[in-house]
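The following exercises concern a ligand site and several loop residues. Each task is followed by a solution in steps.

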Amino acid sequence: MCHKTIRENLQFVSSQLPHSTRLVAVSKYHPTSMIMEAYEAGQRIFGENHVQEVVKKYEQLPADIEWHFIGHLQTNKVRQIVPFVRMIHSVDTPHLHTQIEKEASRVGRVIPCLLQLHLAQEDTKFGFTINEAWDYLTQGTWRQMSHAPLAGIMCMASHVDDEKQIADEFERAHQFFLDAKNTFFAQDPTFRECSWGMSEDYHIAVRHGSTLVRVGSRIFGERDYGQK
Ligand SMILES: *Cc1c(COP(=O)(O)O)cnc(C)c1O
């Protein structure tokens, strides 16, 4: 739990990031008033993981906010967010990617997409294994998806105290990113994002290639799950 203001927390986290790493302020479950506090302190990129919630916040908050969708996305809800989201970090199946392409094309938007890798030993059932992601890249249908271009890789580390294990997982993700970049995107500057690092491990992530950290509680404090 942090006891400082949102502005101070943002300044602290930002001061820990190299210039090549951007901050996604994860505002899920937090009220619009807290997002406005961050906005007034200069933050423009916010991350959300529920469709209903991000739609509602988008409608209420300033238009120059960049909304990044970072949670599991059901294919039947893609249509609700494609009109406005600026990036989808959590593409976890080929089918979801196809659906984003279809809906983004329908509304004439281009939404950069990140492939979510499943590296953590435990919990989440979402994401491509390294082999599945490599197969998907090899198979190549994504090359036709000009409205949902692949812009990089996202992952979450295991929820453990062992910093060495977390560092190893981020390093595997980074190595996968570099191999994919060399093999499939050598001529394509769009593929450039490495989305890893949260409140507890962003300081490790920035040492392993992260270009986007997704930090929530370190900025906004504990989430109030009753609030949503
Ligand atoms: C909630 C969430 C975060 C932020 O988590 P904190 O521990 O609060 O920083 C980052 N990424 C994803 C995918 C999340 O769902």
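**Exercise 1. Identify which pocket the ligand takes, and describe the shell around the ligand by class.**

Solution. In this predicted model, the space taken by the ligand is the largest pocket. Next, list the surrounding residues: Val 26, Lys 28, Asn 49, Ile 70, Met 156, Met 198, Ser 199, Arg 214, Val 215, Gly 216, Ser 217 and Arg 223. Finally, sort this shell by class, which gives five nonpolar, four polar and three charged residues. Gly 216 is counted among the polar residues in this scheme.

**Exercise 2. Determine how Lys 28, Ser 217 and Arg 223 approach oxygen atoms of the ligand, and state what share of the ligand's area the protein buries.**

Solution. Begin with the side chains. An N or O atom in the side chain of Lys 28 is 2.7 Å from a ligand oxygen atom. For Arg 223, a side-chain N or O atom is likewise 2.7 Å from an oxygen atom of the ligand. Then turn to the backbone: Ser 217 places a backbone N or O atom 2.8 Å from a ligand oxygen atom. Each pair can be tested against the cut-off for a polar contact, which is 3.5 Å between N or O atoms. As for area, the ligand taken alone exposes 390 Å², of which the protein buries 90%.

**Exercise 3. Locate Asp 92, decide whether Asp 92 is buried or exposed, and find the side chain joined to Asp 92 by a polar contact.**

Solution. Asp 92 belongs to the loop that runs between strand 4 (87-91) and helix 5 (94-106). Its relative accessible area is 7%, and because the limit for a buried residue is under 20%, Asp 92 is buried. The side chain of Asp 92 is joined to that of His 72 by a polar contact of 2.8 Å.

**Exercise 4. Examine the phi angle, position and accessibility of Tyr 29.**

Solution. Most residues other than glycine have a negative phi. Tyr 29, a residue other than glycine, has a positive phi near 70°. This residue is found in the loop between strand 1 (22-26) and helix 2 (32-40). With a relative accessibility of 14%, Tyr 29 counts as buried.

**Exercise 5. Place Ile 65, classify its accessibility, and relate its separation from Val 107 in sequence to that in space.**

Solution. The loop between helix 3 (51-60) and strand 3 (66-69) contains Ile 65. At 4% relative accessibility, Ile 65 counts as buried. Ile 65 and Val 107 are 42 residues apart in sequence, and their C-alpha atoms are 19 Å apart in space.

Notes
Residues are numbered from 1 along each chain as its sequence is written. This is a predicted model: local features need pLDDT of at least 70, side-chain atom pairs count only at pLDDT 80 or more; totals for chains, interfaces and linings use all residues. Side-chain values use heavy atoms; hydrogens and water are left out. A residue is near a molecule or strand if one of its heavy atoms lies within 4 Å of it. A polar contact is a pair of N or O atoms within 3.5 Å; within protein, one must be able to donate a hydrogen and the other to accept it, and residues adjacent in sequence count only if both atoms are side-chain atoms. Accessible areas come from the Shrake-Rupley method with a 1.4 Å probe; for residues, only the protein chains shown count as cover. On a 1 Å grid over the protein atoms alone, a cavity is a set of points where a 1.4 Å probe fits but cannot get out, and a pocket is an open set with protein on both sides within 12 Å along at least five of seven lines; lining residues have an atom within 4 Å of a point. A molecule sits in a cavity or pocket if more than half of its atoms lie within 2 Å of its grid points. Helices (H or I, at least four residues) and strands (E, at least two) are DSSP runs, numbered from the N terminus. Buried means under 20% relative accessible area, exposed over 50%, partly exposed in between (1.4 Å probe, protein chains only).
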